[in-house]
Amino acid sequence: MKQTKTYYIETYGCQMNVYDSELVAGIMERESYLRAESVEQADIIFLNTCSVREHAEDKVHARLGVLKAQKEKKPGTIIGVLGCMAQNLRDDLLIRRPYVDVVLGPDSYRRIPDLLNERLAPQEHIVDTKLSRMEVYEGLFPARREGVGAWVSIIRGCDKFCTFCIVPFTRGRERSRTVESIVTEVQQIVAEGFKEITLLGQNVNSYLSEGVRFPELLEIVTEIEGLERVRYTSPHPQDFNDKLIAVHATHPKVCNHVHFPLQAGSDQILERMNRTYTQSHFVALAQKMRSAVPGLSITTDIIVGFPGETEADFQETLDVMNAVKFDSAFTFKYSPRAGTKAAEFKDSVPEDVKQDRLERLIEIQRQHTLEQNEAHIGEVHAVLVEKDSKKSSDQHMGRTRNNKIVVFDKGSETTGDIINVRITGAGGITLFGELA
Ligand code: SF4
């Protein structure tokens, strides 16, 4: 029977969720569900959710309130909560939000068509939050829609158990996809016209499948004809090794950008976070990378105000920033997540101290970003054209190999082209340029 039901997916949180939403779209479209252009037009609405920060959960709770009103106007609408909140807050959702029909954790998407068929006949809530040691969605391919780059999940879950992080509890243990299925997916992506891929995992460089580790996987992927650029995110410093640095140094398709999450600079805090590396190890690796890979940019994540962080500990985070000079940083104030080990730590840092540290850190990072970007002025970079710039349809924005955003006046190039751009200026996180 021809399917007439429509679906819409709203995505919150990290790139893994973006990928999973594309995966769910692929599953729905294989069953001939039609994609709706907006939530209002959809018969089935999925929110793919994030539990990493409280703010992300708050946004989903607020959104569910809006969807409840929509369902009252259009009875029969199916509302599904997918992803980390489904996994983490299943009981809370079922009690507080009885109008939510479907609650599915990140390892249950393969069952969506069956579950929807059950639900489309009136029944109780459909709930499946079983975590799997096996599920990597082998053989299921995402429905990608836009952009010049595609995400490819290579490993799911995380075994690191950083004390502040809920991910190992919401996404389960590490499982790697086979090389064969990754290569097949990348070949399909290239055939669809994408030039760039980003290999994706909570801990991408823990990848291990049939003896193939992450650096070898990168080398295999670069052999795929028609693929121009390979990126990955996020690696864990503990699993970053000389072989991976050598792959960066010798394979031009592997982009010269590494997202290298520091989290904190002091050994005392790193240990409490269970990050399993020391400040000196981190800095030595970053310096080794910079000297081995020309033009490498290094970006990071930093948390301030972790329980027990003293002013001296915080100064050590600033010391690392001054030593590495990150190209940019995602910076956060620590907030406890229920269910994590750090949520039980008693010595929390007062909110005003956290705020003060965050502001000081942002200011230093702002200076480093500008310094790193100004160093590119006068250079010519290969830029992959992504879209019109936000400010003017007479300008394009694109990305250098080392992941800098460049805005320049349009010539005859189109989206998806790789062209040479001379850098003429730097402001904030954006470079400005002209066709070279
Ligand atoms: S490495 Fe740490 S921060 Fe990253 S997903 Fe795993 S537990 Fe969370």
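These notebook entries record what I looked up in a predicted model.

**Entry 1: nonpolar cores**

I began with the nonpolar cores. The largest has 65 residues, and I noted Ile-154, Leu-199, Phe-214 and Leu-217 as the members with the most contacts inside it. I then looked up which element gives this core its largest share: helix α7, residues 179-191, contributes six residues. Another core, of 25 residues, lies apart from it; I listed Leu-82, Tyr-109, Leu-115 and Ala-143 among its members. As background, I recorded that nonpolar side chains in soluble globular proteins tend to be buried together.

I next followed the contacts of Leu-199, leaving aside residues up to four places away in sequence. Leu-199 touches Ile-154, Phe-214 and Leu-217. Its other contacts include Val-152, Val-204, Leu-218 and Val-230. I also found Arg-231, Tyr-232 and Thr-233 among the residues that Leu-199 touches.

**Entry 2: aromatic pairs**

I found ten aromatic pairs in the structure. For Phe-164 and Phe-306, I read a distance of 6.4 Å between the ring centres and an angle of 80° between the planes, so I entered this pair as edge-to-face. Phe-164 is in the loop between β8 and α6, while Phe-306 is in the loop between β15 and α12; the pair therefore ties together parts that are 142 residues apart in sequence. I noted both Phe-164 and Phe-306 as buried.

I turned next to Phe-260 and Phe-282. Their ring centres are 4.5 Å apart and their planes are at 25°, so I entered the pair as stacked. Phe-260 belongs to the loop between β14 and α10, and Phe-282 to helix α11 (residues 279-292), so their pairing ties together parts 22 residues apart in sequence. Are these two residues buried or exposed? Phe-260 counts as buried because its relative accessibility is 0%. Phe-282 likewise has 0% relative accessibility and counts as buried.

I then traced a cluster in which ring pairs link Phe-240, Phe-260, Tyr-277, Phe-282 and Phe-326.

**Entry 3: charges over rings**

I looked for charged ends placed over aromatic rings. That of Arg-53 sits over the ring of Phe-332, 3.7 Å from the ring centre. That of Arg-272 sits over the ring of Phe-345, at 4.4 Å from the centre.

**Entry 4: salt bridges**

My search of the whole structure gave 33 salt bridges. I examined the one between Glu-185 and Arg-177, where the closest N and O atoms are 2.8 Å apart. Both Glu-185 and Arg-177 are buried.

In the salt bridge of Arg-357 with Glu-311, I read 3.7 Å between the closest N and O atoms. Arg-357 is in helix α13 (residues 351-374) and Glu-311 in helix α12, so this pair ties together parts that are 46 residues apart in sequence. I recorded Arg-357 as buried, at 5% relative accessibility. Glu-311 is partly exposed, its relative accessible area being 34%. I also placed both residues in a network of salt bridges that links Glu-309, Glu-311, Asp-356, Arg-357 and Arg-360.

Lastly, I looked up Lys-410, which forms a salt bridge with Asp-388; the closest N and O atoms are 2.8 Å apart. Lys-410 lies in the loop between β19 and β20 and Asp-388 in strand β17 (residues 380-388), so the pair ties together parts 22 residues apart in sequence. I noted Lys-410 as partly exposed at 32% relative accessibility, and Asp-388 as partly exposed at 36%.

How values were computed
Residues numbered from 1 in each chain as written. Predicted model: local features only at pLDDT ≥ 70, side-chain atom pairs only at ≥ 80, totals over all residues. Heavy atoms only, no water. Core = buried A, V, L, I, M, F, W, Y, C linked by side-chain atoms within 4.5 Å. Buried < 20%, exposed > 50% of the residue type's maximum accessible area, 1.4 Å probe, protein only. Helix = DSSP H or I, 4+ residues; strand = E, 2+ residues; numbered from the N terminus. Contact = heavy atoms within 4.5 Å. Phe/Tyr/Trp six-rings, centres within 6.5 Å; stacked < 30°, edge-to-face > 60°. Lys NZ or Arg CZ within 6 Å of the ring centre and 35° of its normal. Salt bridge = Lys/Arg side-chain N within 4 Å of Asp/Glu carboxyl O.
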